[in-house]
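Hi everyone, thanks for coming. I'd like to walk you through a structure that is new to most of us, so let's bring it up on the screen.

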Amino acid sequence: MRKPAFATSPHSLRNKLGRSFWCMVYVLTFYWTPRPFHAWRILILRLFGADVHRTARVYPKARIWHPGRLKMAEYSCLADDVDIYNVGGVELGAYALVSQYTYLCGATHDHEDVDFPLVPKPIVIHARAWVAADVYVAPGVTIGEGTVVGARSSVFGDLPAWQICIGTPAKPIKARVLGPDDY
Amino acid sequence: MRKPAFATSPHSLRNKLGRSFWCMVYVLTFYWTPRPFHAWRILILRLFGADVHRTARVYPKARIWHPGRLKMAEYSCLADDVDIYNVGGVELGAYALVSQYTYLCGATHDHEDVDFPLVPKPIVIHARAWVAADVYVAPGVTIGEGTVVGARSSVFGDLPAWQICIGTPAKPIKARVLGPDDY
Amino acid sequence: MRKPAFATSPHSLRNKLGRSFWCMVYVLTFYWTPRPFHAWRILILRLFGADVHRTARVYPKARIWHPGRLKMAEYSCLADDVDIYNVGGVELGAYALVSQYTYLCGATHDHEDVDFPLVPKPIVIHARAWVAADVYVAPGVTIGEGTVVGARSSVFGDLPAWQICIGTPAKPIKARVLGPDDY
């Protein structure tokens, strides 16, 4: 039988070596560190190319596929056990919060192409949004400013600003009481 | 930009030091132990304040946020890879069973308060209930006696006794054939 | 109170010792290996009884309950963080792909029997099917040839061939554009 195209990594050698090195450094210097050591972890992420503000918080058990494709603004936060598969890039606005077990999935496969190529797509979570626990965010999704995504939801399309959204697929169910003028 | 209130831990120093110590002890004495060593793991949980019956079973890869807020009755059971985030306390009745990958999430944030405070809420699973694999249980939920929650469901509200419940949100679909008189 | 039947393992001593040994070997020789070392991991799986084709790929962080109940055809693939609970056996056809965080749950409990016995059921994923990320597959399910199951779906019943299926429970929403004649 023919070897399928998807059995060969679509990533460059440089990308693969860089990620291997990042995994080693993550195990040695990151995932076991005490929770308040945010400054140390941000230093390491920056050495690997992350564009992370010094006030951001990344908890030790957050997993990041490629620090060089991560952008985090002031006081944004990634909780423990979050998984950032940022093949197409992930960006968090100021004060944006991603809670435990949430998975930001930044790539899919084109299942209508016989070669099944990997298709990276960016994920953007705007300022003051809160993505609660165990949410799935699909490739290419943008979550609007101040929007709350309820725990265990699955987000397959863009969500507007300052809404409460829940379900699978996540949809706005009501406006958030707070708005940009409350801060 | 202003440092948000949610960037400061709401827990007391005593709580934080206690949990750090528990994490160390968990890694050193708990999570790698052979599966049948229930008595040993219950001893350790009790040293950290858990109110766990000697016949209860806690598998080695179950994660418990704070043993001092865990109560387990006779023959109740937590499977591997269960996560008990028991900020507001978690209580299991006799013979209650929680299966692998289920997440009991015992706290939320008040997203209509600009300070975004942590809001702990207790979770109670009554006797002979079975919460199957990869279920999400929201803060404040009570699951009635003998009730079965199907795999991969998400429980956002209280569930009555002796029912089969499935879905997101989990709802009763039929009465369980067994009842309290069958035991 | 009476000790319940479900507190005693239904597995034979031979099964339990074999799995304990497998867990040790997994930790020592498998889960930390570099991603391209597929030949090495397949060698180890075969030593434990797996019927895995030499062209199959099993990523290092895939978890397998019992290698002796795993069957993988040419170029089939298990991604990292997949969990194969193959009590009743799991079989993948040629080119079948199971993506990260997907859980193939190969056993349930009979909750209408007071003894709550474990009920193993086989899972079969036919050739060229793709089970995407964070999907739950229930005991006894068969997924048809070439079928795509969308990310975060939950599969509770058999799925036909060459369909796109999504949701909870996963249902066909349209035919896949590709079919057996395209390969």
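What is the mean pLDDT of chain A, and what share of its residues reach 70 or more? The mean is 96, and 100% of the residues in chain A reach 70 or more; pLDDT is the predictor's confidence in each residue, from 0 to 100. For the whole model, the scores are ipTM 0.95 and pTM 0.96.

Some housekeeping before we go on. This is a predicted model, where local features need pLDDT of at least 70, side-chain atom pairs count only at pLDDT 80 or more, and totals for chains, interfaces and linings use all residues. Residues are numbered from 1 along each chain as its sequence is written, while chains are lettered from A and ligands numbered from 1 in the order in which they are written.

Now, how do the copies relate? A turn of 120 degrees, with a shift of 0.0 Å along the axis, lays chain A on chain C with an RMSD of 0.0 Å (superposed by least squares on the C-alpha atoms of residues with pLDDT of at least 70 in both). That is the relation of a three-fold axis. If you look in chain A for the C-alpha nearest this axis, you'll find T168(A), 5.0 Å from it.

Next, the contacts, meaning C-beta atoms, placed from the backbone, within 7 Å. Toward chain B, 18 residues of chain A touch 13 residues of chain B. Toward chain C, 13 residues of chain A meet 18 residues of chain C.

Why do I show these separately? Only 8% of the interface residues of chain A are also interface residues in chain C, so the copies meet through different surfaces. Thanks for listening!

Technical notes. Two residues are in contact if their C-beta atoms, placed from the backbone, lie within 7 Å.
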